Amino acid sequence: MGGAPPGGEPPSMGLRKLLAIWIAKLAVRVSRVFGRGGSTFPGTLARRVAPGILLTLGVQLPRGVILVTGTNGKTTTARMIAAVLGAAGLRVVHNRSGANLITGVTAAFIAGTDWRGRLRADIGLVECDEATVPRAVGELPVRVMLVTNFFRDQLDRFGELAHTVELVRSGAARLGPDAGLLLNADDPLVAGIGRSVSLPATYYGLEDGRHGVREMAQSREAKHCLGCGEPYEYSRYFYAHLGHYRCPKCGQERPQVDVAATRVDFVDARGLELAVRSPRGAFTVRAALPGLYNAYNVLAATAAGLAAAVEPEAIAAGLAQVTSSFGRMEPISISGRRILIALVKNPAGFNEVVRTILGDPDPIRLVIAINDNDADGKDISWLWDVDFERLAAAGDGIDFIVTSGTRAEDMAVRLKYGGVETNKITVEDDLTAGLARALRETASGQTLYILPTYTAMLEVRRVVAHLGHARPFWQA
Amino acid sequence: MIGIGPEIKICHLYPDLMNLYGDRGNVIALKRRAEWYGLRPVVDEVSLEAKPDFRLYDVIFIGGGQDREQQLICLDFQKVKGSSLAEAVEDGVVLLAICGGYQLLGRYYQTGDGEQLPGIGVVDVWTVAGKKRLIGNVVIETDVIEGPGPRTVVGFENHSGKTYLGGGLRPFGRVINGYGNNGEDGGEGVLYRNTLGTYLHGSLLPKNPDVTDFLLRRALVRRHGVAELRPLDDTVERRAHEAAIRRARSKAH
Ligand SMILES: [Zn+2]
């Protein structure tokens, strides 16, 4: 069975569905009055009243839906695609608040309708949790399915990585005949989906050999060939298990790349410039984002723009507007202190953040806030797969590290066994107190890094927003 | 710190394949504490096809893996390493096996289809695939660790296999919070000679320094007849241990 076909015809909206939309819109207003984000609850409500609501709304999109999934980079990539589509003059409906389950998608689509149930958009952009992919494909007219990468993440929710890959693959297998896949060629697990599904696939990947390394650090997500089980041979690794690989036994290898970054330059501490080779010719794009991992996100967004028939000029213009989204190394100033906040949720991402911090010449001042609530993943074992040994090697370059959150103590143990001197580590379970302490020890003009897991990030945001507007309480 | 005491040879089995859930934290903990005790740890990584004499090691570690990896290792055990590892276990080598590694030491793993994947059978346990995944924080109480009174051990479990122990065997501990071997009989893990099998990761050893020291001590006694370890400052570890107990209780199943 294929996905829902895109239409363009304004549908005759049944009364029940209209009612669902009204109820959901009212729910949004009510939850706003009570000061809650409530980004999924209205969706849940609407789906109760009219289970087919998303299907009805989706078919109104003349250009269908771009679905973005994978472990890392979903939110950043989707934001960039939204900017690219916007620069091309398209009206986009997008579940931008990171509500990437089916209820969140439904809520976002309802928010994009008028009171008569008409979706005021040309194209849908859906950031989708891996486990939700099969459902989203069943309910939405997906034209392009973009898969960024697969890393171990929240294992207790999905069981095992192979299962996550299979969820996405089964979703891809259900796509309609007019759909196409957009896949990261450098991730063997992602590229494998292209081989197992009979739909046209476009591959993107990095080809600037200057940034590759011959040895992989820690992550070992895809060491063995999906075809025959033999270990892959890599000529270079770019980021964790992403790189140029080939199976010496059966010959399965990184596919031919359609959209390539032939050159990646780091313009300054947090800017990227990519030379792109594509079927639409060669062109250059820039984005104010740091790190090689963001080069993948920029390239993915570029490839998605091309897939949606956006001109290279508009793609470049859209990407130029992008700045790092909240929680992804956006600098904030608090009384002259430079505060950088980065979400941490798996070893590969955390290792990149550590690499960025080590690249900063300032002494290291750090708050690491680890929660183990459902949304963070209840199993915090992954902390042992992060290379804190590299951080510890900074030695006296470390000023202090405050560990906080529900698993503050586990984090402290990890740092101790990583080789960080215990007199540099302070355990402060209460995050507000931990942040206050770290800010007290950071002088004006100095930098403080804050690295929270997902639910800790929400708390960090609240505290930082409070500090931004109120008199700094740590001076009281 | 460079130790001047005896060398302690650690074997990390299949680090490239059996490395789920931060398993390498256990090897890090063994190595660090050995250093802090003034020993000289040497870690060998041993993967497919290699066939060392396992009796030469002091401590062997094997972690958990995904189904695919576990099948590769099942084959490697049958063809290459199984007999040497079994001999070493009978010889009293210290072996810590977690989750998938624990299952592979037993007689078999029976899949949902009733197919039986053979283990090396050195420990009289067997595992049957369950319908439900047993996930969550675990606290057990054990009396196998030397010292006054029973000790708590904390960790995280995530398995669908249910493991049962043969008649002569006692579990590693008794479940206070969580599921343990099978969620039915209240037992968690197994201790056979100096081989400790368990479902607890988390990682297990860093937050349970008593267990790490228990393994190191048994390894030293096997090699040198004595083990004298002067006490370390474990404040950070003990706090994490206590916090894990509180966390498990606050979210009891
Ligand atoms: Zn192969």
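## Arg24(B) and its partners across the interface

The side chain of Arg24(B) meets that of Asp387(A) in a salt bridge, with N and O 3.0 Å apart. This is a predicted model, so please read every distance here as a computed one. Arg24(B) also forms a salt bridge with Asp385(A), where the closest N and O atoms are 3.8 Å apart. On the chain B side, Arg24(B) lies in helix H1 (residues 24–36), while Asp385(A) sits in the loop between strand S14 (364–369) and helix H13 (388–392) of chain A, so the pair joins two chains. Are Arg24(B) and Asp385(A) buried or exposed? Both are buried.

The general idea will be familiar: side chains of opposite charge can pair when their charged atoms come close. Between chain B and chain A, the count is seven salt bridges, and the structure holds 51 over all chains.

## The interface as a whole

How many residues of chain B are in contact with chain A? There are 39, and they touch 39 residues of chain A. The size of an interface is often given as the accessible area lost when the parts come together. Here the area buried between chain B and chain A is about 3300 Å², and carbon and sulfur atoms give 48% of that area.

Arg24(B) returns in this tally. Together with Gln66(B) and Arg247(B), Arg24(B) supplies 18% of the area that chain B buries against chain A, more than any other three residues.

## More salt bridges, and a network

A second pair to look at is Asp410(A) and Arg407(A), whose closest N and O atoms are 3.1 Å apart in a salt bridge. Asp410(A) has a relative accessible area of 4% and is buried; Arg407(A) also counts as buried, at 2% relative accessibility.

In chain B, Arg238(B) forms a salt bridge with Asp234(B), with the closest N and O atoms 3.6 Å apart. Arg238(B) is partly exposed, with a relative accessible area of 37%, whereas Asp234(B) is buried, with a relative accessible area of 9%. Both belong to one network, joined by salt bridges that share partners: Lys416(A), Arg33(B), Arg151(B), Asp210(B), Asp213(B), Asp234(B), Glu237(B) and Arg238(B).

## Two enclosed helices of chain A

Asp410(A) and Lys416(A) are both among the buried residues of H14(A). Why is helix H14 (residues 408–418) of chain A described as largely enclosed by the rest of the structure? Because 11 of its 11 residues are buried. The buried set mixes charged side chains, including Glu409(A) and Arg414(A), with others such as Met411(A), Val413(A) and Leu415(A). H14(A) is followed by Gly419(A), which has a positive phi, near 110 degrees.

Helix H5 (residues 102–111) of chain A is a companion case: nine of its 10 residues are buried, so it too is largely enclosed by the rest of the structure. The buried residues in H5(A) are Ile102(A), Thr103(A), Gly104(A), Val105(A), Thr106(A), Ala107(A), Ala108(A), Phe109(A) and Ile110(A).

## Chain A in overview

Chain A has 16 helices and 17 strands. Of its 476 residues, 60% count as buried. Among the contacts in chain A with a separation of 6 or more, 71% come from residues 24 or more positions apart. The accessible surface of chain A comes to about 18100 Å², and carbon and sulfur atoms account for 51% of it.

One surface feature deserves a look in the viewer. Leu19(A), Trp22(A) and Trp115(A) make a nonpolar surface patch of about 300 Å². Leu19(A) lies in helix H1 (residues 15–33) of chain A and is partly exposed, with a relative accessible area of 41%.

## Nonpolar cores

Which residues have the most contacts inside the largest nonpolar core? They are Leu13(B) and Ile60(B), in a core of 67 residues. Helix H2 (residues 67–90) of chain B gives the most to this core, with seven residues. A second, separate core has 55 residues, among them Ile53(A), Leu183(A), Val197(A) and Tyr203(A).

To see the surroundings of Leu13(B), set aside its neighbours within four places in sequence. Leu13(B) is then in contact with Val46(B), Phe54(B), Ile60(B), Phe61(B), Ile62(B), Lys81(B) and Leu85(B).

Note on methods: Residues numbered from 1 in each chain as written. Chains lettered and ligands numbered in written order. Predicted model: local features only at pLDDT ≥ 70, side-chain atom pairs only at ≥ 80, totals over all residues. Heavy atoms only, no water. Core = buried A, V, L, I, M, F, W, Y, C linked by side-chain atoms within 4.5 Å. Buried < 20%, exposed > 50% of the residue type's maximum accessible area, 1.4 Å probe, protein only. Helix = DSSP H or I, 4+ residues; strand = E, 2+ residues; numbered from the N terminus. Contact = heavy atoms within 4.5 Å. Patch = residues over 30% accessible without salt bridge, like charges linked within 9 Å, V, L, I, M, F, W, Y side chains within 5 Å. Areas by Shrake-Rupley, 256 points an atom, 1.4 Å probe, with all protein chains shown as cover. Salt bridge = Lys/Arg side-chain N within 4 Å of Asp/Glu carboxyl O. Buried area = accessible area lost by both parts, 1.4 Å probe.
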